[in-house]
Amino acid sequence: MAQIRIEYLRKSFDQFTAVEGSTFTIDDGTFFALLGPSGCGKTTTLRMIAGLELPTEGKILLDGEDVTFHRAAARDIAFVFQLFALYPHMNVGQNIGFPLKCQGMARHEIRERVQETARMLRIEHLLSSKTAKLSGGDRQRVALGRAMVRRPKAFLMDEPLGALDAEFRHLMCGELRDLHDRIKATTVYVTHDQLEAMSMADQIAIMNKGRVEQIGTPQEVYDRPACMFVADFIGSPSMNFLHFEGGLRSGDRAINFHDTRLAVPEIREDRASAALALGVRPEHIRFADAGSVRGEVFGAEYLGTTQIVTIDTAYGRVAARLPSSASVRIGETVGLEFNSDRLSLFDAGSGLAIRTAREEGMRHG
Ligand code: ATP
């Protein structure tokens with residue numbers, strides 16, 4: 001299997017820049033998700049790694065070898081477009097062996113490779129079955145088998161579950177991750193669905209307008225977003241932003257938030273007075289009579305174990321995730337208390353996160 005490294009990768013279509021100077025490394029055996037909204041450059045990045053699109057600038061290295069100008073076929077990478085598209089007139093074994101047959105491999109060799117692949121995917125017992133009768137999970141295994149049988153160095157997948165309904169997609173995410181854990185193939189997976197990325201990936205690169213905004217584990221990008229775009233994109237409902245003006249000093253453990261003082265994780269940089277934003281995840285808010293931010297309950301959405309309560313404050317509408325047992329009355333005035341250890345701070349102008357002790361806490365344990 002393989003390490004994939006991309007360096008200063010850029011792709012322009014005439015005047016329009018679809019991918020802007022990406023640099024990152026995907027370690028051998030990693031399940032790596034490229035996540036972002038429609039049009040942010042995920043597919044273009046993937047197509048460049050596959051060799052289906054030539055970069056305008058930059059390099060692609062596969063296990064240290066520069067493959068930037070190698071043809072797709074010479075890269076030894078499997079591009080999986082649609083996991084469920086199988087040949088209906090062939091049985092499972094023929095479906096899996098088809099790419100080898102196209103390469104002109106000898107029949108006995110194809111047989112061995114197909115059997116080895118089926119063994120890895122635990123579908124040996126299905127080799128002579130027709131594909132029409134297979135369950136969704138088995139269809140996915142066969143489609144992956146067809147990609148694996150060539151023994152590629154890496155798998156590239158572009159929204160392979162996009163056409164499925166939500167429940168089935170969730171099931172397939174579990175299947176795909178399970179397969180990855182057994183095969184340990186380097187996988188680059190493009191999706192605009194944060195739940196898919198969060199549930200499957202070891203590492204997520206979040207893209208916005210052609211740029212990679214942050215790369216990290218699902219926990220890192222959720223808990224310590226590098227910028228307001230990531231904070232807003234990851235999490236449902238999104239992180240709340242409460243805007244204020246002020247200066248910050250390294251070592252401070254509280255901020256002047258309008259006319260009140262709020263405890264925050266220790267600040268690790270100096271800031272002259274600037275437009276700032278306090279970032280609060282909905283689950284880090286609770287109702288407290290003495291809470292320093294007050295507001296009026298606008299609505300409540302019951303979700304079973306929790307409820308999402310929206311509150312109109314002087315600083316905008318805020319979403320809080322509360323236990324469904326909490327009694328909430330629309331229109332009542334409530335005090336809000338934030339879990340001070342879990343707050344984020346951003347420069348509202350650049351959108352970038354302010355460094356705090358939380359970041360270090362994450363990196364070192
Ligand atoms: P989606 O999820 O909608 O596919 P994406 O993040 O994968 O989005 P890309 O398909 O990489 O985005 O496209 C990035 C931008 O580049 C889009 O604005 C798209 O219109 C543009 N683009 C992609 N391919 C071409 C092309 N061949 N010619 C011109 N513009 C292109």
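What follows is a walk through a predicted model, from its two domains and the contact between them to a few local features.

The domain assignment splits the protein into domain 1, covering 4–223, and domain 2, covering 228–364. Taken over C-alpha atoms, the centres of domain 1 and domain 2 sit 37 Å apart. The contact draws on 16 residues from domain 1 and 12 residues from domain 2. The size of an interface is often quoted as the accessible area lost when the parts come together. Here, domain 1 and domain 2 bury about 1200 Å² between them, and 64% of that falls on carbon and sulfur atoms. On the domain 1 side, Gln194, Tyr222 and Asp223 give up the most area to domain 2, and together these residues account for 50% of what that side buries.

As for polar features, 6 residue pairs are in polar contact between domain 1 and domain 2, counting pairs with both residues at pLDDT 80 or more. The elements that supply two or more residues to the side of domain 1 touching domain 2 are α6 (194–200), β9 (203–208), β10 (211–216) and α7 (218–223). Of that side, α7 provides the largest share, with 5 residues. The rule also finds 1 salt bridge across the interface of domain 1 and domain 2. Arg342 and Asp223 meet through their side chains in a salt bridge, with 3.2 Å from N to O. Asp223 thus turns up twice, in this salt bridge and among the domain 1 residues that lose the most area to domain 2.

Turning to the strands, β6 (residues 77–80) has Ile77 and Phe79 pointing one way and Ala78 and Val80 pointing the other, with all of them buried. In a regular strand, side chains alternate between the two faces of the sheet. Strand β6 runs parallel to strand β7 (residues 154–158), and 4 bridges join the pair. Leu156 in β7 is the bridge partner of Phe79.

Strand β16 (residues 293–302) pairs with β19 (residues 333–338) in the antiparallel sense over 4 bridges, and Glu296 stands opposite Thr333 of β19. Strand β16 also pairs with β17 (residues 306–313), again antiparallel, over 7 bridges. Here Glu301 stands opposite Ile308 of β17. The two strands β16 and β17 make a hairpin with 3 residues between them, and Gly304 in the turn takes a positive phi of about 100°.

Another glycine with a positive phi, of about 90°, is Gly51, placed just after helix α1. Helix α1 itself (residues 42–50) is mostly covered, with 7 of its 9 residues buried. That buried set consists of Lys42, Thr44, Thr45, Leu46, Met48, Ile49 and Ala50.

Last comes a loop residue. Thr30 sits in the loop between β2 (16–26) and β3 (31–35). Thr30 counts as buried because its relative accessibility is 11%, under the 20% cut-off. A polar atom of the Thr30 side chain lies 2.7 Å from the backbone oxygen of Asp27. Setting aside neighbours within four places in sequence, Thr30 is in contact with His180, Ala185, Thr186, Thr187, Asp202 and Gln203.

Notes: Residues numbered from 1 in each chain as written. Predicted model: local features only at pLDDT ≥ 70, side-chain atom pairs only at ≥ 80, totals over all residues. Heavy atoms only, no water. Buried < 20%, exposed > 50% of the residue type's maximum accessible area, 1.4 Å probe, protein only. Pairing = 2+ DSSP bridges. Domains from an automatic or database assignment. Contact = heavy atoms within 4.5 Å. Buried area = accessible area lost by both parts, 1.4 Å probe. Salt bridge = Lys/Arg side-chain N within 4 Å of Asp/Glu carboxyl O. Polar contact = N/O pair within 3.5 Å; in protein donor to acceptor, adjacent residues only side chain to side chain.
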